[in-house]
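Reader: Could you take a close look at the cysteines for me, and then work outward from them to the rings and the contact between the chains? I would enjoy one connected account rather than a list.

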Amino acid sequence: MLERVNATGLTPSFRPLRIYWERLRRGDEIAHVLTLIFASTVIGVTALLVYQLWIQSALSRQKFGWAFFATRVWDPVGGQFGALPFLYGTVVTSAIALLLAVPLGLGTAIFLSEFSAKRISDALAFLVDLLAAVPSVIYGLLGIFVLAPLLRVWVEPVLRSQFGFLPFFRGPAYGVGFLAAGLTLAIMVVPFIVSVSREVLISVPREQREAALALGATRWETISRAVVPFAKTGILGSVFLALARALGETMAVTMVIGNDPKISASLFAPGYSIAAVIANEFTEATGSLYLSALIELGLVLFLLTFVLNGLARLLVLATAQRGGLLE
Amino acid sequence: MNGASIVQKHQNLEPVHLGQKDIPLVELPIGTIKPQFKISNLKVSYGAKEVLHGVDLDVFANVVTALIGPSGCGKSTFLRSLNRMTEVVRGTQVEGEILLDNENVFRMDVVKLRRRVGMVFQRPNPFPKSIFDNVAYGLRINGHHDSLSEAVEHSLRRAALWDEVKGQLHKSAYALSGGQQQRLCIARALAVNPEVLLLDEPCSALDPITTAKIEELLFQLKSSCTIVIVTHNMQQAARASDFTAFLLDGQLVEYQSTRKLFTTPSDPRTEAYITGRFG
């Protein structure tokens, strides 16, 4: 039987290697390998982060177990550590922030993309992007020197006299507390919502607007029933970006939340958040159990962000499928 | 019955002047069809660029009128002025007069005008909603919330889509093929019972079989509404329309019964265009 020889004069078994070297010379394989290394680095760093948090929190995890999440006591002196007040503070302040920032941000985005002149829209969008880039310590200063006094003197007394029947608006007005932190966070995340939602709204195809207009829809009907529904996936994305930022925000929250590990229904009361307690107490964490508990809090924050982002992805995916965007 | 036969049916054709001095006469069956749109001296410009330089034309009720001409001749602009969709583009100026049943469209409430004059676009543009919700959209914004399902079925039947989608009304419109999506858009426009249906190159993104279906559909629809179709496909104009207007560089060159325009055009430019010498 004749051995098959191809045009290069090599037997077939040698060809793949040769082709590989040729491609390597042309850069294809180099690009492939290099980008693969970069991509793996990203995954590696994330994995390392989780691994370190897991290992270093071992002491606390073994001592408290699941009770860590249900314990309200945070007593470094007595060696009792529970995450509940911090979880509560983080979730409550983020919820206040989104409650205020979503309508404000979405309304601004709709105005900028649909109603205002293009020049004004572009100028304002630039300012909004600038706001997103302001360091959070500046927002913290704003919170301490402007928001907190304003809340203490005006807003909280008025809320208490008008809505005092609700448990959220009772108790002494301190200024600093859940409400101040939530408000500061709201101001910080509005730019994210505006910036992303505006882009998404602007990129809704002209055909979609015209389809609604040609059916006799008014301008507002076109916006509310064709443009916004078309953009809702992207708008949800901007909301979750804002949520991620609010959950993890450290500096500004630390400055205005009051730093008191207590759970109170009143939004006027001071509280504490996960990120704030880590930042505040890390340097003074004497004893390995204290340190380990703080690291476990870090792990909890990481998981919280991870789970919420995962849920967000699922939600976006589900709405996209219902709207048929993926079919 | 194809487009030309409506003219054949009326043997007592008489020459009628359509309004502009330099436009050739048109054979029309007098008394059998009435004008729906009367357009005089229509000028449209985008910014400093004028794209229509004064067009006079009457669109007749319950026939299919085709607008043909090379790209950029202003035929789409002309179509879009009929329901004032030109105003959607910033910086557009419209001059002249358009009468819809003797009512000036520029003095009408634009929302009401568009409910009377529906439109179908070049690319199928269903909303990212279910088939049912797409068709019901126009009804809902008009405040109709009762017997929606009958109205939706009726519109889908008129658009010859009912049999293909009846079991899956709550599936996404995006799951349909391109031709089905375009017929869905026609059904959506028909749902609000427009007097006029404007179609802007509705078949340019579709294959020949689907195109034939839509042409067949136009033929069935003209008994209940007036149809104006922009097309860059001359065969389509010849097959599907009763009247054809030929536009060139923002001017109306010739407006005739379709049969006459394609067999014995009066203007040498029309002849050059339909025989494929330019455009």
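Author: Happily! Let us start with a yardstick: a residue is called buried if its relative accessible area is under 20%, exposed if that area is over 50%, and partly exposed in between. This is a predicted model, and B:Cys73 makes a good first stop. Its relative accessible area is 2%, so B:Cys73 counts as buried. B:Cys225 is buried as well, because its relative accessible area is 1%.

Are these cysteines bonded to partners? A search over all chains turns up 0 disulfides. For B:Cys73, the nearest cysteine sulfur belongs to B:Cys203 and is 18 Å away. A disulfide needs two cysteine sulfur atoms within 2.5 Å, so the sulfur of B:Cys225 is too far for a bond, with its closest cysteine sulfur, again in B:Cys203, 15 Å away.

From the cysteines we can turn to the rings. Over all chains there are 19 aromatic pairs in the structure. One of them joins A:Trp74 and A:Phe81, whose ring centres are 4.8 Å apart; their planes meet at 70 degrees, so this pair is edge-to-face. Both A:Trp74 and A:Phe81 are buried. They also belong to a cluster linked by ring pairs, which takes in A:Phe64, A:Trp66, A:Phe68, A:Phe69, A:Phe86, A:Tyr272 and A:Tyr290 too.

A tilted pair is found at A:Phe163 and A:Phe169, with 6.2 Å from centre to centre and 55 degrees between the planes. What about the surroundings of these two rings? A:Phe163 has a relative accessible area of 39%, so this residue is partly exposed, while A:Phe169 counts as buried because its relative accessibility is 14%.

Some rings have a charge over them. In chain A, the charged end of A:Arg61 sits over the ring of A:Trp54, at 3.6 Å from the ring centre. In chain B, B:Arg188 lies over the face of B:Phe127, and here the distance to the ring centre is 4.5 Å.

Finally, let us look at where the chains meet. Here 28 residues of chain B are in contact with 26 residues of chain A. About 2200 Å² is buried between the two chains, and carbon and sulfur atoms give 57% of that area. On the polar side, 6 residue pairs are in polar contact between chain B and chain A, counting pairs with both residues at pLDDT 80 or more. There are also 2 salt bridges between these chains. One salt bridge runs from A:Glu210 to B:Arg80, with 2.6 Å between the closest N and O atoms.

Definitions and conventions. Residues numbered from 1 in each chain as written. Chains lettered and ligands numbered in written order. Predicted model: local features only at pLDDT ≥ 70, side-chain atom pairs only at ≥ 80, totals over all residues. Heavy atoms only, no water. Phe/Tyr/Trp six-rings, centres within 6.5 Å; stacked < 30°, edge-to-face > 60°. Buried < 20%, exposed > 50% of the residue type's maximum accessible area, 1.4 Å probe, protein only. Lys NZ or Arg CZ within 6 Å of the ring centre and 35° of its normal. Contact = heavy atoms within 4.5 Å. Buried area = accessible area lost by both parts, 1.4 Å probe. Salt bridge = Lys/Arg side-chain N within 4 Å of Asp/Glu carboxyl O. Polar contact = N/O pair within 3.5 Å; in protein donor to acceptor, adjacent residues only side chain to side chain.
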